[in-house]
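Below is a note for a colleague on side-chain contacts, arranged as numbered points. Please read each point with the structure open alongside.

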Amino acid sequence: MTGKAILNGLVAGLAGVAAMTLAEKLEQLITKRPNSYVPAHTLERLLQLPHQPDEQRLGLNWTMHWGQGILMGVVRGIMAEYGIRGPVGSFLFMNLRLLNDQTLENATGVGALPWTWPKDEQTIDLIHKGIYAFTTGAVADALVAGAPSEPVPRAGWTVGEKA
């Protein structure tokens, strides 16, 4: 693992969380869904701070939201360096991001298991995390040099000679 992959992963994570945040704000304009303060209350519990109302936790909310997204980009940068790239790499990374969120939220007692959420909230969360993961992945794949012995690309099953 190189320092360059870590640095480029941070940049990729920043791009991913920026894209996700923009998508969230656009979605909220359409759906009228309020801001979530789950990130703030998760960080509040992790830091063992006294509970505060949502309106007093905007800074903590942004710290957790942006910080988690940027730091998780390091994982995607390392994945890219080791050859776990492209859409499959980004799909795997999306699951890591979801696992990270759910582990922290549920371990602190702030969140609820996602299958207990209303289906529209599950869908919205998956779409936003997908935007994050695939944007982070595209940037990481562009910035991070791949493994020296990447597999040789092969033609897909729909490409090739006709019988």
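**Side-chain contacts**

1. Lys-129 and Asp-125 are four residues apart in helix H5, so about one helical turn separates them. In this predicted model, their side chains meet in a salt bridge, with 2.7 Å from N to O. Lys-129 has a relative accessible area of 7% and is therefore buried, and Asp-125, at 17% relative accessibility, also counts as buried because the cut-off for that class is under 20%.

2. The contact between Lys-129 and Asp-125 does not stand alone, since a network of salt bridges links Arg-97, Asp-101, Asp-125 and Lys-129. Arg-97 has a further contact to note, in that this residue lies over the face of Tyr-132, at 4.7 Å from the ring centre.

3. Tyr-132 also takes part in an aromatic pair: the count of such pairs comes to two. The ring centres of Phe-93 and Tyr-132 are 5.6 Å apart and the planes stand at 35°, so this pair is classed as tilted. Because Phe-93 belongs to helix H4 (residues 86-107) and Tyr-132 to helix H5 (residues 119-143), the pair ties together parts that are 39 residues apart in sequence. Both Phe-93 and Tyr-132 are buried.

4. For the aromatic pair of Trp-62 and Trp-66, the geometry is again tilted, with 6.4 Å centre to centre and 40° between the planes. Both residues lie in helix H3 (residues 58-81), where four residues, or about one turn of the helix, separate them. Trp-62 counts as partly exposed because its relative accessibility is 32%, and Trp-66, with a value of 26%, is likewise partly exposed.

5. How many salt bridges does the count come to? The count is six, and one of them joins Arg-76 to Asp-141, whose closest N and O atoms are 3.1 Å apart. This pair links distant parts of the chain, with Arg-76 in helix H3 and Asp-141 in helix H5, 65 residues apart. As for their surroundings, both Arg-76 and Asp-141 are buried.

6. Another salt bridge is formed where the side chains of Glu-27 and Arg-33 meet, at 2.6 Å from N to O. Is each partner of this bridge buried or partly exposed? Glu-27 counts as buried because its relative accessibility is 12%, whereas Arg-33, at 25%, counts as partly exposed.

Methods: Residues numbered from 1 in each chain as written. Predicted model: local features only at pLDDT ≥ 70, side-chain atom pairs only at ≥ 80, totals over all residues. Heavy atoms only, no water. Phe/Tyr/Trp six-rings, centres within 6.5 Å; stacked < 30°, edge-to-face > 60°. Helix = DSSP H or I, 4+ residues; strand = E, 2+ residues; numbered from the N terminus. Buried < 20%, exposed > 50% of the residue type's maximum accessible area, 1.4 Å probe, protein only. Lys NZ or Arg CZ within 6 Å of the ring centre and 35° of its normal. Salt bridge = Lys/Arg side-chain N within 4 Å of Asp/Glu carboxyl O.
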